[in-house]
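I opened this model to practise reading a fold residue by residue, and I kept notes on each thing I looked up.

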Amino acid sequence: MKLLISGLCGHMGTEVAKMALAGCRGADPKGIVGVDMNACGAEGMPCANSFADAAKDPVFTSVDCIVDFSHHSATPSLLDFAVTHSIPVVLATTGHTDEEKAAIRKAAESVPVFFAANFSLGVALLIDTAKQVAAAMPDAEIEIIEKHHDRKLDAPSGTALAIANALCEVRPEATVVTGRSGYGKRTPEEIGIHAIRMGNIVGEHEVIIGTPNQTITLKHEAHDRALFAEGALAAAEFLCKGLPAGLYDMTDLVGKG
């Protein structure tokens with residue numbers, strides 16, 4: 001499996017490259033290239049400054065899959081490149097705007113696109129369990145707390161929003177509130193999300209579901225960023241099985257879709 005890593009020189013791009021060079025999930029160590037505005041060429045791998053530059057070289061256009069750990073603002077150019085050259089895409093970046101999400105859905109009409117807020121199997125299972133609890137306890141209040149390192153740009157995290165959106169599937173009357181301030185009573189329909197940014201926290205997501213008589217707390221902690229790199233490579237391997245164009249996510253990968 002030949003890979004193009006978008007954001008090769010960043011923290012996660014470097015981790016993906018490290019695993020790919022070790023052959024993780026069927027990656028071809030000799031077929032790893034990257035696109036990064038810094039064009040670092042880590043470990044001697046070919047690296048272009050932009051997708052416009054990459055489009056000029058068959059080394060980049062002949063890969064089997066793109067794994068993106070760059071910045072959501074790069075999504076339009078990445079998708080144009082992918083659609084033009086019929087390359088499946090794994091989008092592991094968060095913070096996309098509504099316009100960028102629309103572009104992702106449009107690209108998925110032409111190529112396979114794997115789009116998830118979090119590439120952890122554990123988080124996928126957390127979401128599934130939280131939905132079961134929320135459905136079984138329709139009168140319970142729900143709060144979500146997420147913690148990340150102080151370098152993370154988007155708040156709340158894409159994963160926290162994904163958890164809240166999943167809970168809204170079983171609580172259609174719910175309203176998602178990001179942060180809480182001011183003066184007023186909490187409404188029963190609220191699903192609150194609270195973001196903490198400090199230190200070097202890799203990622204923690206906690207879902208608290210409670211009534212006046214009992215509380216269930218579900219929590220996932222990521223101990224190493226390698227967790228997300230491995231998940232992204234698993235998604236790339238999944239897409240390279242010859243899947244048709246479409247939008248895929250973790251439920252497809254873990255067999256719940």
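The entries below follow the order in which I looked things up.

**Ground rules.** I am working with a predicted model, in which local features need pLDDT of at least 70 and side-chain atom pairs count only at pLDDT 80 or more, while totals for chains, interfaces and linings use all residues. Residues are numbered from 1 along each chain as its sequence is written, and side-chain values use heavy atoms, with hydrogens and water left out.

**Entry 1: the core.** I began with the largest nonpolar core, a term for buried Ala, Val, Leu, Ile, Met, Phe, Trp, Tyr and Cys residues joined through side-chain atoms within 4.5 Å; buried itself means under 20% relative accessible area, exposed over 50%, and partly exposed in between, with a 1.4 Å probe and protein chains only. This core holds 36 residues, and those touching the most other members are Leu-3, Val-67, Phe-69, Val-90, Phe-114 and Phe-119. At least two residues each come from strand 1 (3–6), helix 1 (11–21), strand 4 (65–68) and helix 8 (226–239), where helices (H or I, at least four residues) and strands (E, at least two) are DSSP runs numbered from the N terminus. Helix 8 gives the most, with nine residues. I noted beside this that in soluble globular proteins nonpolar side chains tend to be buried together.

I then followed Val-67, counting as contact any heavy atoms within 4.5 Å. Beyond residues up to four places away in sequence, Val-67 touches Leu-3, Leu-4, Ile-5, Ser-6, Val-16, Val-90, Ala-232 and Ala-236.

**Entry 2: two strands.** Is Ile-209 buried or exposed? Ile-209 sits in strand 10 (residues 203–210) and is buried, because its relative accessible area is 0%. Glu-143 is 66 residues away from Ile-209 along the chain, yet their C-alpha atoms are separated by 6.7 Å.

Glu-143 belongs to strand 7 and also counts as buried, since its relative accessibility is 17%. Which side chains does the side chain of Glu-143 meet in polar contacts? I found Arg-180 at 3.1 Å and Arg-186 at 2.8 Å, a polar contact being a pair of N or O atoms within 3.5 Å, where within protein one must be able to donate a hydrogen and the other to accept it, and residues adjacent in sequence count only if both atoms are side-chain atoms.

**Entry 3: a helix pair.** The axes of helix 4 and helix 5 (residues 98–107) come within 10 Å and cross at roughly 10°, the axes being lines fitted to C-alpha atoms over the stretch in contact, with angles from 0 to 180 degrees between N-to-C directions. That makes the two helices roughly parallel, because angles under 35 degrees count as such. Helix 4 contributes Thr-75, Leu-79 and Val-83 to the contact, and helix 5 contributes Ala-103, Ile-104 and Ala-107.

**Entry 4: backbone exceptions.** Most residues other than glycine have a negative phi, and most peptide bonds are trans. Arg-25, however, has a positive phi near 55°; this residue lies in the loop between helix 1 and strand 2 (32–35) and is partly exposed, at 39% relative accessible area. Ser-86 likewise has a positive phi, near 55°, and is exposed at 57%. Finally, a cis peptide bond joins Ala-155 and Pro-156, with omega about -5°, and Pro-156 lies in the loop between strand 7 (141–148) and helix 7 (158–170).

Conventions
Angles under 35 degrees count as roughly parallel, over 145 as roughly antiparallel, 65 to 115 as roughly perpendicular and the rest as oblique.
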